[in-house]
Amino acid sequence: MRPDAIRILMADDDPFVRDMVGFILESSDYTVETAENGREALEKYKAGSGFHVIISDMNMPEMDGRALIREVRSIDPDIPIILLTGTDDAASAKSGADECIVKDENIQDAITASVDAVLRRKGLVS
């Protein structure tokens, strides 16, 4: 599958992070839709927009990343999910996400590498 055919749903309550991650992924030819929190992301996911990957912040108002992951996994246990977190802690690793990325100065490289890795593992790209 070509990168421009891959649809990514990205949820983060910080507009700067949403814009930055969206820009990074769109620069790699992915199609990105954003949400301000887990609840909005879940609504967009349930609307059936054909997302291939979900990227979610850990701490957000209304619905946090762990709750979003649980809800999405109950619908599709196989969708690749990447969790973004401000701290590298054990709770993040136990979230049910396929990958966990710490929001730091290496996020640009980490986000594209993680998306590529989960897509390869799911057989969506070679």
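**View 1. Asp-29 sits in the loop between helix 1 and strand 2.** This is a predicted model. Asp-29 is not a glycine, yet its phi is positive, at about 75 degrees. Is Asp-29 buried, partly exposed or exposed? Asp-29 counts as partly exposed, because its relative accessibility is 49%.

**View 2. Glu-62 belongs to the loop between strand 3 and helix 3.** Glu-62 has a positive phi, near 70 degrees, and is a residue other than glycine. With a relative accessibility of 60%, Glu-62 counts as exposed.

**View 3. Five strands make up an open sheet with parallel pairing.** In what order do the strands lie? The order is 2-1-3-4-5. Strand 2 (31-35) and strand 5 (99-102) are the edge strands, and each pairs on one side only. Neighbouring strands are turned against each other by 20 degrees on average, direction ignored. Strands of a sheet pair through backbone hydrogen bonds, in either the parallel or the antiparallel sense.

**View 4. Ile-8 has bridge partners in strand 2 and in strand 3.** Strand 1 (residues 7-11) pairs with strand 2 over five bridges, in the parallel sense. There, Val-32 is the partner of Ile-8. Strand 1 is also joined to strand 3 by four bridges, and these two strands run parallel. In strand 3, Ile-8 has Val-53 as its bridge partner.

**View 5. Strand 3 is largely enclosed by the rest of the structure, because five of its five residues are buried.** In a regular strand, side chains alternate between the two faces of the sheet. Which residues of strand 3 lie on each side? Val-53, Ile-55 and Asp-57 are on one side, with Ile-54 and Ser-56 on the other. Both faces are covered, and all of these residues are buried.

**View 6. Strand 3 and strand 4 run parallel, joined by four bridges.** Ile-55 stands opposite Ile-82 of strand 4. Between the two strands, the chain passes through helix 3 (residues 65-75). This β-α-β crossover is right-handed.

**View 7. Helix 2 (residues 38-46) lies across strand 1, strand 2 and strand 3 (53-57).** Helix 2 runs at about 135 degrees to strand 2. Helix 5 (residues 107-121) also packs on the sheet. Which strands does helix 5 touch? Helix 5 touches strand 1, strand 3, strand 4 (81-85) and strand 5. The direction of helix 5 makes about 175 degrees with that of strand 5.

**View 8. The largest nonpolar core has 20 residues.** Ile-8, Leu-25, Ile-55, Leu-84, Ile-111 and Val-115 touch the most other members. Two or more residues each come from strand 1, helix 1, strand 3, strand 4 and helix 5. Which element gives the most to this core? Helix 5 does, with five residues. Ile-111 touches Val-21, Ile-24, Leu-25, Ile-55, Leu-84 and Ile-101, leaving out residues up to four places away in sequence. Another core, of 19 residues, lies apart from this one. Its members include Ala-35, Met-60, Met-63 and Ala-67.

**View 9. Met-10 is part of strand 1.** Met-10 counts as buried, because its relative accessibility is 0%. Beyond residues up to four places away in sequence, Met-10 touches Val-17, Arg-18, Val-21, Val-32, Glu-33, Thr-34, Ala-35, Ile-55 and Leu-84. Met-10 and Gly-38 are 28 residues apart in sequence. In space, C-alpha to C-alpha, Met-10 and Gly-38 are 9.5 Å apart.

**View 10. Asp-12 occupies the loop between strand 1 and helix 1 (15-27).** Is Asp-12 buried or exposed? Asp-12 counts as buried, because its relative accessibility is 0%. Its contacts, not counting residues up to four places away in sequence, are Val-17, Arg-18, Ala-35, Glu-36, Asp-57, Met-60, Leu-84 and Lys-103.

**View 11. Helix 4 (residues 90-93) has the lowest mean pLDDT among the elements, and strand 1 the highest.** The mean is 56 for helix 4 and 97 for strand 1. The protein averages a pLDDT of 89, and 92% of the residues score at least 70. Where pLDDT is low, the predicted coordinates should not be read in detail.

Key. Residues numbered from 1 in each chain as written. Predicted model: local features only at pLDDT ≥ 70, side-chain atom pairs only at ≥ 80, totals over all residues. Heavy atoms only, no water. Pairing = 2+ DSSP bridges. Axes fitted to C-alpha atoms, helices over the stretch in contact; angles between N-to-C directions. Contact = heavy atoms within 4.5 Å. Buried < 20%, exposed > 50% of the residue type's maximum accessible area, 1.4 Å probe, protein only. Core = buried A, V, L, I, M, F, W, Y, C linked by side-chain atoms within 4.5 Å. pLDDT = per-residue confidence, 0-100. Right-handed = clockwise from strand over helix to strand, strands pointing away.
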